[in-house]
Amino acid sequence: DLVLKQMEAVHAQLEDITRLEEELLDDNKAISEMPPEEMASPETRQKLRENEATERRQSDRLDRLTEETRKLMKEALRNSDIPESTLAEWSELQKTMEDVSEQNMDKAAKDLQKAGDKPSERKEQTEKAIAKEEDAVKKLQKAGSDMNDSLEDMMAESFVNRLRLASQREQEVETGLRDILPKTIGLDPARLPADVKEEFGLITSRQQETHRQVGYIQDDLAGFFSRTRTEKYNTVYKEMRNVGVVDALERLTKSIQSNLAIQSISDATKWSKQLAVWAEALSKKKKQGGAGGGEGEGPEGLDAEDMETLISLMRARKQEESLRQQTRLLNEGRETNRRYRYDARKLSRKQSAIAEKTRPLERRVKNPKLRQLIEKLGGEMMNASMLLQRPQTDAETVAIETEIIELLSNSIDSASGSQSSAAAKQLMAQMGEGEPQPGPGGGSKPGPGGGSGGGRSEGEGGPETAIDQSGRNVEGTSGLTHETPQEFKDVLEAYFRALEDSR
């Protein structure tokens, strides 16, 4: 997963910054212990200036890393495989890095500057810098440890998701084979009708991809066990090796290619169940409490449960905005799209998945107004899913999706408009949520104090005339329709399809 790899790179940089801060701390401690005549020397003054410059570079580097983490969190918000609890942990880690840069490193650099400029205050100012650096090192070490734990949890969860996806794909292979069995039974694959041959090819490609991915999972499990020494990963790895799942899935691919349908259906069913069993064996409940296993408190008093609720709502809104855009694109190309019915039903499943993720919030939230909004959300999402299933992708469906986005925006406003609103706004800023803009389509209701957590995300237009990339006017109508220039339709449709296929 790209986000996971990028977060591992952030972790490596954080460890390097921590190591350099530890070296700088030791250097300054050595200066503070010098005899008075040596401490007052020009050489010591020069050393303090060098350490001041190093501390400022450390602060700048940590600032850049904090910004990189913020961008990653914004990207992770779009990835439903990353739990809200993990995003809450990263939010706290980002805040820690920001605080260390501003409250420790910047101020320690100023103390070192004073120590270099004023020999009479050299020892005193150096000791002040040391105190700030000691606090910085302590915070950075804990942040690094917490980030490592979070990454390991995320990698572990990734194995579960990958195995479940492989299981689901084997089930799809089994279903696909059953559906075309009456058209293919007893026939030479080379003599199949063109339309059946195309379906047959898709099933074979899906099976080949599952075989490849399961091989990667098996290899990655061995590496993860070496890193963590957690026995359950070794157990599943050994089981996969012992039953020869990778070779068996390769044989299944060849059976499908040879049109041995009955045997292939049986084998696909068998391996779908077995992959699900391994996923369950690796699954574990998320640790209780807030990020880092604390008291369940998020930034500035926002508790972990409220943080996760807010993140869930922001994530759902981004997903719904993406779904609405895909619905519009699909409707515009429906006359020439042979896969229109299939693609619409895929969007229906996406809508159902968003509803499934949002539904548990009804039981979690304590605010009656927020609970009422979320209950209404569930009904509207069901309506949109049913229309897409028909399939229907016209203005009526887009209008319901727009209403869902408005409800999510109002829910975000309600969730952030509590006594912890400052903390909520901090969290929303970390997730890339900007100030609202007027107009319907992505959430336009003003929040407390004139602001709103319900501002439109990037790329969402309002009802006014907009200028597209070709420089032409494109009329919108209350967020319900949006005419995409023809030259962009194919590119955008291909992008969304590739995005879907990659998940």
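**Exercise 1.** Which residue forms a salt bridge with R162, and how far apart are the closest N and O atoms?

*Solution.* The model is predicted: local features need pLDDT of at least 70, side-chain atom pairs count only at pLDDT 80 or more, and totals for chains, interfaces and linings use all residues. Residues are numbered from 1 along each chain as its sequence is written, and side-chain values use heavy atoms, with hydrogens and water left out.

Step 1. Apply the salt-bridge test: a side-chain nitrogen of Lys or Arg within 4 Å of a carboxyl oxygen of Asp or Glu.
Step 2. R162 pairs with D220, at 2.9 Å between the closest N and O atoms.
Step 3. Place the partners: R162 is in helix α5 and D220 in helix α6, 58 residues apart. Helices here are DSSP runs (H or I, at least four residues), numbered from the N terminus.
Step 4. Check accessibility. R162 is partly exposed at 24%, and D220 is partly exposed at 36%. Partly exposed lies between buried (under 20% relative accessible area) and exposed (over 50%), using a 1.4 Å probe and protein chains only.

**Exercise 2.** Place the salt bridge between K47 and D27 in the chain.

*Solution.*
Step 1. The closest N and O atoms are 2.9 Å apart.
Step 2. K47 lies in helix α3 (residues 42–76) and D27 in helix α1 (residues 2–32), so the bridge ties together parts 20 residues apart in sequence.
Step 3. K47 has a relative accessible area of 30%; D27 has 25%.

**Exercise 3.** How many salt bridges does the structure hold?

*Solution.*
Step 1. The count is 22.
Step 2. One of them joins E152 and R227, at 3.9 Å from N to O.

Notes: Helices (H or I, at least four residues) and strands (E, at least two) are DSSP runs, numbered from the N terminus.
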